[in-house]
Amino acid sequence: MGEYVLSCCSTADLTEEHFRERDLHYVCFHFELNGKGYLDDLGKTIHFDEFYNAMEQGAATRTSQVNSEEFERYFETFLKEGRDVLHVSLSSGISGVVNSAAIAKRTLEERYPGRKILLVDSLGASSGYGLFMDRLADLRDEGKSLQEVYEWASANRLRLHHWFFSTDLTFYIRGGRISKTAGFVGGMLSICPLLNMDSFGRLIPRSKIRTKKKVIAEIVNRMEQHAEGGKDYSGKCYISQSACPEDARAVADLIEARFPKLNGRVEIYSVGTTIGSHTGPGTVAVFFWGKERTE
């Protein structure tokens with residue numbers, strides 16, 4: 001048992017096995033499917049296939065973040081063991097969950113004056129947030145202290161790039177992200193929006209690309225443009241997908257061909273139920289290390 005705990009939200013969208021192997025702890029968001037509440041627990045309570053199939057059939061979804069009382073109970077389990085906590089939250093650009101964690105931190109540090117809870121806003125989401133946690137686990141395993149890992153995380157969080165595309169605009173229309181008219185025209189023209197996360201951790205549309213084939217090629221082009229070392233990129237690459245594994249595999253194949261020095265194969269995960277409640281099926285996201293995001 002280490003002297004400190006690395007923690008995140010379930011919205012880091014890795015598998016239970018991955019979290020366990022890297023000794024990463026997580027706290028669960030919540031979602032509703034047709035009015036019934038569930039934990040966003042990495043697909044254990046409701047399988048991702050079932051979840052996305054229900055959305056395609058018209059099921060209503062709603063999400064809620066971890067509240068301060070839940071964080072207090074969660075953090076206290078570690079403090080009671082005499083362990084400090086470094087918790088990395090889902091991006092403040094899309095959620096206020098870091099504020100709930102901060103409230104719990106203030107309460108618990110008064111109760112446990114000898115212990116520390118350090119918070120980092122990831123400015124990221126889904127398996128990109130997971131890739132960030134994976135790097136922090138590497139640093140911990142190299143013997144870095146709690147303070148050293150915290151400082152590295154704070155200084156390097158914008159080097160993790162997040163690029164997304166969607167082949168189904170239904171849920172962007174339903175969530176009000178694009179108008180019904182724009183969505184209708186986009187569907188007629190087979191437009192697949194390409195988005196990324198900006199330096200404030202917000203999801204920003206960057207291009208409107210016609211056809212799935214072209215957007216798959218373009219997302220790999222953007223990786224080459226922004227990845228550390230360009231085609232010589234030697235870091236890890238994660239992909240997350242929502243009920244479109246063939247599209248994710250097509251992107252992964254292109255990346256593995258384009259970047260021969262890649263650290264291992266591209267790892268593909270599922271977009272979890274919190275993020276997926278907003279994107280719906282048909283989304284593919286690519287995550288990698290690169291130049292600092294500045295816009």
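In the predicted model, glutamate 228 counts as partly exposed, at 43% relative accessibility. Its partner in a salt bridge is arginine 159, with the closest N and O atoms 3.1 Å apart. Glutamate 228 lies in the loop between α9 and β11 (238-241) and arginine 159 in the loop between α6 (146-156) and β8, so the pair ties together parts that are 69 residues apart in sequence. Arginine 159, in contrast to this partly exposed partner, is buried, with a relative accessible area of 15%.

Side chains of opposite charge can pair when their charged atoms come close. The count of such salt bridges in the protein comes to 21. Within helix α9, arginine 222 and glutamate 218 are 4 residues apart, and therefore separated by about one helical turn. Their side chains meet in a salt bridge with an N to O distance of 2.6 Å. Arginine 222 is buried at 15% relative accessibility, whereas glutamate 218 is partly exposed, with a relative accessible area of 22%. The threshold for burial is under 20% relative accessible area, so the value of 15% places arginine 222 in the buried class. A further salt bridge joins arginine 265 to glutamate 256, where the closest N and O atoms are 2.9 Å apart. Arginine 265 is exposed, with a relative accessible area of 56%. Salt bridges also link Arg22, Asp134, Asp138, Arg140, Asp141 and Lys236 in a network.

The overall architecture was examined next. The protein contains 11 helices and 13 strands. Its radius of gyration is 19 Å, close to the 19 Å that the globule rule gives for 295 residues, so the protein is as compact as a globular protein of that length. Taken along the principal axes, the C-alpha atoms fill a box of roughly 60 × 50 × 30 Å. Of the 295 residues, 54% count as buried. Among contacts with a sequence separation of 6 or more, 76% are accounted for by residues 24 or more positions apart.

Rolling a probe the size of a water molecule over the atoms shows where empty space is left. The second largest pocket has a volume of about 200 Å³. Two elements, β8 (160-166) and α9 (212-226), give two or more residues to the lining of this pocket. Helix α9 provides the largest share, 3 residues. The complete lining consists of His161, Trp163, Asn196, Arg206, Arg222, Gln225, His226, Lys291, Glu292, Arg293, Thr294 and Glu295. By residue class, the lining of the second largest pocket divides into 1 nonpolar, 5 polar and 6 charged residues. Arg222 thus appears twice in this account: as a residue of the pocket lining and as the partner of glutamate 218 in a salt bridge.

Enclosed space was also considered. The structure holds 1 cavity of 30 Å³ or more, and the volume of the largest cavity is about 30 Å³. The lining of the largest cavity is formed by Ser122, Gly124, Gly128, Tyr129, Phe132, Arg157, Leu160 and His162. Helix α5 (126-141) and strand β8 each supply at least two of these residues, and the largest share, 3 residues, comes from α5. The lining of the largest cavity comprises 3 nonpolar, 4 polar and 1 charged residues. Strand β8 contributes to the lining of the largest cavity and also to that of the second largest pocket.

Backbone geometry was assessed through phi. Most residues other than glycine have a negative phi, and most peptide bonds are trans. Asparagine 34, although not a glycine, has a positive phi of about 55 degrees. This residue is placed in the loop between β3 (30-33) and β4 (36-39), and asparagine 34 is exposed, with a relative accessible area of 57%. Serine 126, likewise a residue other than glycine, has a positive phi near 50 degrees. Serine 126 lies in helix α5, which also supplies residues to the lining of the largest cavity. At 1% relative accessibility, serine 126 counts as buried. The two positive phi values therefore occur in contrasting surroundings, with asparagine 34 exposed and serine 126 buried.

Methods: Residues numbered from 1 in each chain as written. Predicted model: local features only at pLDDT ≥ 70, side-chain atom pairs only at ≥ 80, totals over all residues. Heavy atoms only, no water. 1 Å grid on protein atoms, 1.4 Å probe; cavity = no way out; pocket = protein on both sides within 12 Å on 5 of 7 lines; lining within 4 Å. Points joined across faces, edges and corners; volume = space filled by probe spheres on them. Nonpolar A, V, L, I, M, F, W, Y, C, P; charged D, E, K, R; others polar. Salt bridge = Lys/Arg side-chain N within 4 Å of Asp/Glu carboxyl O. Buried < 20%, exposed > 50% of the residue type's maximum accessible area, 1.4 Å probe, protein only. Rg over C-alpha atoms; globule rule 2.2 N^0.38 Å. Contact = heavy atoms within 4.5 Å.
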